[in-house]
Amino acid sequence: MDETMNVKQRSHKFMLTNRRTCLVSGVCDVLSFDLSEILLETDQGMLMIKGNDLHVNRLTLEKGEVDIEGKIDSLTYSDVTGYGGKGESLLGRLFK
């Protein structure tokens, strides 16, 4: 139980350098990724990162950190938490 509370209390940070590399902390899960889009579940909601030639260089879910490299074009946050449920598709819930 204490472990669950610690995960909820960690801070969420996004550090972007020259639109080419970024470090994201407070990540709960990586839901999907390809060369043009990465979908992360963070402590602050869902985060969709779009761009070109995107790569996840380092993933440490124990610490909640992800390093991403590539040309980053956009970041979109959504308050939707959790993957699945309520009979709606993920994209339907993201773009309400």
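## A guided look at β4 and its surroundings

β4 and β5 run antiparallel to each other and pair over six bridges. This is a predicted model, and the strand β4 makes a friendly place to begin reading it.

**The strands around β4**

The link between β4 and β5 is a hairpin, with two residues between the strands. On its other side in sequence, β4 has a partner in β3: five bridges join these two strands, again in the antiparallel sense. β3 and β4 also form a hairpin, here with three residues between them. If you would like a pair of residues to look for, try Val30, which stands opposite Leu40 of β4.

Is β4 mostly covered or mostly open? It is mostly covered, as five of its six residues are buried. As background, the side chains of a regular strand alternate between the two faces of the sheet.

**Thr42, at the turn into β5**

Thr42 belongs to strand β4, and its bridge partner in β5 is Gly45. Thr42 has a relative accessible area of 2%, so it counts as buried. What do the polar atoms of its side chain meet? One lies 2.6 Å from the backbone oxygen of Gly45, and a polar atom of the Thr42 side chain is also found 3.1 Å from the backbone nitrogen of Gln44. Leaving out residues up to four places away in sequence, Thr42 touches His12, Gly26, Val27, Cys28, Leu47 and Tyr77.

**The nonpolar core**

Which residues make up the largest nonpolar core? There are 12 of them: Cys22, Val24, Val27, Val30, Ile38, Leu40, Leu47, Ile49, Leu54, Val66, Ile68 and Ile72. At least two residues of this core come from each of β2 (21-25), β3 (27-33), β4 (37-42), β5 (45-60) and β6 (65-78). The opposite pair mentioned above, Val30 and Leu40, is part of this set.

Ile38 is a good core member to follow outward. Apart from neighbours within four places in sequence, Ile38 is in contact with Ser32, Phe33, Leu47, Met48, Ile49, Leu54, Val56 and Ile68. Among these contacts, Leu47, Ile49, Leu54 and Ile68 are themselves listed in the core.

Val56 is another of the contacts of Ile38, and its place is in strand β5. Along the chain, Val56 and Ile38 are 18 residues apart, while their C-alpha atoms are separated by 8.6 Å. Why is Val56 not a member of the core? A core residue has to be buried, which means under 20% relative accessible area; Val56 has 25% and therefore counts as partly exposed. Val56 still has company: not counting residues up to four places away in sequence, Val56 touches Phe33, Ile38, Val66 and Asp67.

**Cysteines**

Two cysteines offer a contrast in covering. Cys22, listed in the core, is buried at 5% relative accessibility, whereas Cys28 is partly exposed at 27%. The count of disulfides in the model is zero.

**Salt bridges**

The model has four salt bridges. Three of them are set out here, with the distance between N and O atoms.

| Residue | Partner | N to O distance |
|---|---|---|
| Arg19 | Asp73 | 3.0 Å |
| Arg58 | Glu65 | 3.1 Å |
| Arg58 | Asp67 | 3.0 Å |

Arg58 has two entries, one with Glu65 and one with Asp67. Arg58 is partly exposed at 30% relative accessibility, Glu65 is partly exposed at 22%, and so is Asp67 at 21%. Asp67 also appears above among the residues that Val56 touches.

The pair of Arg19 and Asp73 forms a salt bridge with its closest N and O atoms 3.0 Å apart. Arg19 lies in the loop between β1 (13-17) and β2, and Asp73 lies in strand β6, so this pair ties together parts that are 54 residues apart in sequence. Arg19 is partly exposed, with a relative accessible area of 41%, and Asp73 is partly exposed with a value of 41%. What else belongs with Arg19 and Asp73? Salt bridges with shared partners join Arg19, Lys71 and Asp73 into one network.

Key. Residues are numbered from 1 along each chain as its sequence is written. This is a predicted model: local features need pLDDT of at least 70, side-chain atom pairs count only at pLDDT 80 or more; totals for chains, interfaces and linings use all residues. Side-chain values use heavy atoms; hydrogens and water are left out. A nonpolar core is a set of buried Ala, Val, Leu, Ile, Met, Phe, Trp, Tyr and Cys residues joined through side-chain atoms within 4.5 Å. Buried means under 20% relative accessible area, exposed over 50%, partly exposed in between (1.4 Å probe, protein chains only). Helices (H or I, at least four residues) and strands (E, at least two) are DSSP runs, numbered from the N terminus. Contact means heavy atoms within 4.5 Å. A salt bridge is a side-chain nitrogen of Lys or Arg within 4 Å of a carboxyl oxygen of Asp or Glu. A polar contact is a pair of N or O atoms within 3.5 Å; within protein, one must be able to donate a hydrogen and the other to accept it, and residues adjacent in sequence count only if both atoms are side-chain atoms. A disulfide is a pair of cysteine sulfur atoms within 2.5 Å. Two strands pair if DSSP finds at least two bridges between them.
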